[in-house]
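Student: I am new to this structure and would like a close look at one part of it, namely the charged side chains that pair with one another. Could you take me through them slowly, and then set them within the rest of the chain?

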Amino acid sequence: MSDVLIVGAGLGALALAGDLRAAGADVRLLDKSRGGAGRAATRRVRLDGGREARLDHGARFFTARGERLRSLARAGEAAGWLRAWATGFPTWEAGEIRVDGGGEHPRYAPVDGLSALGRHLGEGLDVAYGVAAARLERGGAGWRVHDDGGGTHEARRLVLNLPAAQASALLGEHAPELRAALSGVTYDPCWAVGAVLEQDLAADWPALRFKGHPALDWVAREHTKRPAGHPPALMLHAHADWSRAHLEDRPGDVQAALLAAAAEVLGGFTPLHTFAHRWRYAQPARRAAGAHFWDAELSLGACGDGFTPDDHGTRVEAALLSGWSLAAALEAGA
């Protein structure tokens, strides 16, 4: 039996587990995906000739407003796996590209893709990938999680690091207070389309934000995050309204529509490889109050980007702060 079992291995869960393990707890994580880190996801594309492209099709970058993440960023830059990508991005609006004044803080991008942040945080942790939790059971000694493969996992304390709808479904009749806290959390969806190009665009910006476009919210020249020699590549994100309207469309149709929209804005380009990915729970539109949830009587908690650990909005850093906040509460005996 573990001290703490965490269902979901997103960034908040990895932050929580790292701190608890450092404090001496026996922590185990379960995640239904093959690689964890949630939307800090990087797609690897193999090209002819053995070349590889890496495209961040989930989260785009991360900021480091708080001291703890600034320290992590400095260490990552010193170690060579992380670099500051940009301090701001120009905006497309009504056919014009407006260059803003930049920003006061850098946007960081790991050189091998954003999933490298998850690998860094998860180093040495006990994570069971490809394991989907199906049912919870509470007993005298703690919690029992039954997975969809027939396995059973036990722990004295249980934490959920899942989108609110998935967490509520898994809870069933357990923990009405947590279900109430999650009931107001909503997410915007996002369709993402990646394209490795035959030739780079004639552009000098790393990425464009879009205002008022009927489909696009973001276009990044992904190779500007990577070492020299990386194949030119674009990452397109549709805005929430378009994604919601086309949520159940076929990936091929979405891919064609967004590539055509990008070509109309950016000029022609020739893709060598393309893909589409649908994020049903891309970004919280409404979040639960507080940095995390913890019920000491039930030994049950939740963390992640669906909570509100600070007032800077939804982003990678918010998920990490939520996990670190819950870790501090558990270490303090909450």
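Tutor: What follows begins with the whole chain, turns to the salt bridges, and then visits some other residues.

Please keep in mind throughout that this is a predicted model. The secondary structure of the chain consists of eight helices and 19 strands, and its C-alpha atoms fill a box of roughly 65 × 45 × 40 Å along the principal axes. For 334 residues, a compact globule would be expected to have a radius of gyration near 20 Å, and the value for this chain, 20 Å, agrees with that. Of the 334 residues, 53% are buried. When contacts with a separation of 6 or more are considered, 65% of them join residues that are 24 or more positions apart. The accessible surface comes to about 14,700 Å², and carbon and sulfur atoms account for 47% of that surface.

Now to the charges themselves. The chain carries 37 positive and 40 negative side chains, and the centres of these two sets lie 1 Å apart. The count of salt bridges comes to 25, and three of them repay a careful look.

Let us begin with Arg28 and Asp126, which form a salt bridge in which the closest N and O atoms are 2.8 Å apart. This pair links distant parts of the chain, since Arg28 belongs to strand E2 (residues 27–31) and Asp126 to strand E9 (residues 126–129), with their positions 98 residues apart in sequence. Arg28 counts as partly exposed because its relative accessibility is 24%, and Asp126, at 35% relative accessibility, also counts as partly exposed.

The next pair is Glu52 and Arg54, whose side chains meet in a salt bridge with an N to O distance of 2.7 Å. Here the relative accessible area of Glu52 is 18%, so this residue is buried, and Arg54 is buried as well, with a relative accessible area of 16%.

Asp56 and Arg226 make up the third pair, and their side chains meet in a salt bridge at 3.1 Å, N to O. Asp56 lies in strand E4 (residues 52–56), whereas Arg226 lies in the loop between strand E15 (216–221) and strand E16 (233–238), so the pair ties together parts that are 170 residues apart in sequence. Asp56 has a relative accessible area of 1% and is therefore buried, while Arg226, with a relative accessible area of 6%, is buried too. Returning to the partners of the second pair, salt bridges that share partners join Arg46, Glu52, Arg54 and Asp112 into one network.

The loop that holds Arg226 leads us to another residue, for His223 also has its place in the loop between E15 and E16. His223 is buried, with a relative accessible area of 14%, and, once its neighbours within four places in sequence are left aside, His223 is in contact with Asp200, His230, Pro231, Pro232 and Ala233.

Contacts across the sequence can be followed elsewhere as well. Ala261, found in helix H7 (residues 251–266), is buried with a relative accessible area of 10%, and this residue touches His213 and Leu216 when residues up to four places away in sequence are not counted. The C-alpha atoms of Ala261 and His213 are separated by 9.2 Å, although the two residues are 48 residues apart along the chain. Ile97, in strand E7 (residues 96–98), is partly exposed, with a relative accessible area of 41%. Beyond its neighbours within four places in sequence, Ile97 is in contact with Pro90, Thr91, Trp92, Trp205 and Leu208.

Two alanines close the tour, and they concern the backbone. Most residues other than glycine have a negative phi. Ala37, however, has a positive phi of about 70° although it is not a glycine; Ala37 sits in the loop between E2 and strand E3 (42–46), and is buried, with a relative accessible area of 5%. Ala175 likewise has a positive phi, near 50°, and its place is in the loop between helix H4 (164–171) and helix H5 (176–183), where Ala175 counts as buried at 7% relative accessibility.

How values were computed. Residues numbered from 1 in each chain as written. Predicted model: local features only at pLDDT ≥ 70, side-chain atom pairs only at ≥ 80, totals over all residues. Heavy atoms only, no water. Helix = DSSP H or I, 4+ residues; strand = E, 2+ residues; numbered from the N terminus. Rg over C-alpha atoms; globule rule 2.2 N^0.38 Å. Buried < 20%, exposed > 50% of the residue type's maximum accessible area, 1.4 Å probe, protein only. Contact = heavy atoms within 4.5 Å. Areas by Shrake-Rupley, 256 points an atom, 1.4 Å probe, with all protein chains shown as cover. Lys, Arg positive; Asp, Glu negative; His and termini not counted. Charge placed at Lys NZ, Arg CZ, Asp CG, Glu CD. Salt bridge = Lys/Arg side-chain N within 4 Å of Asp/Glu carboxyl O.
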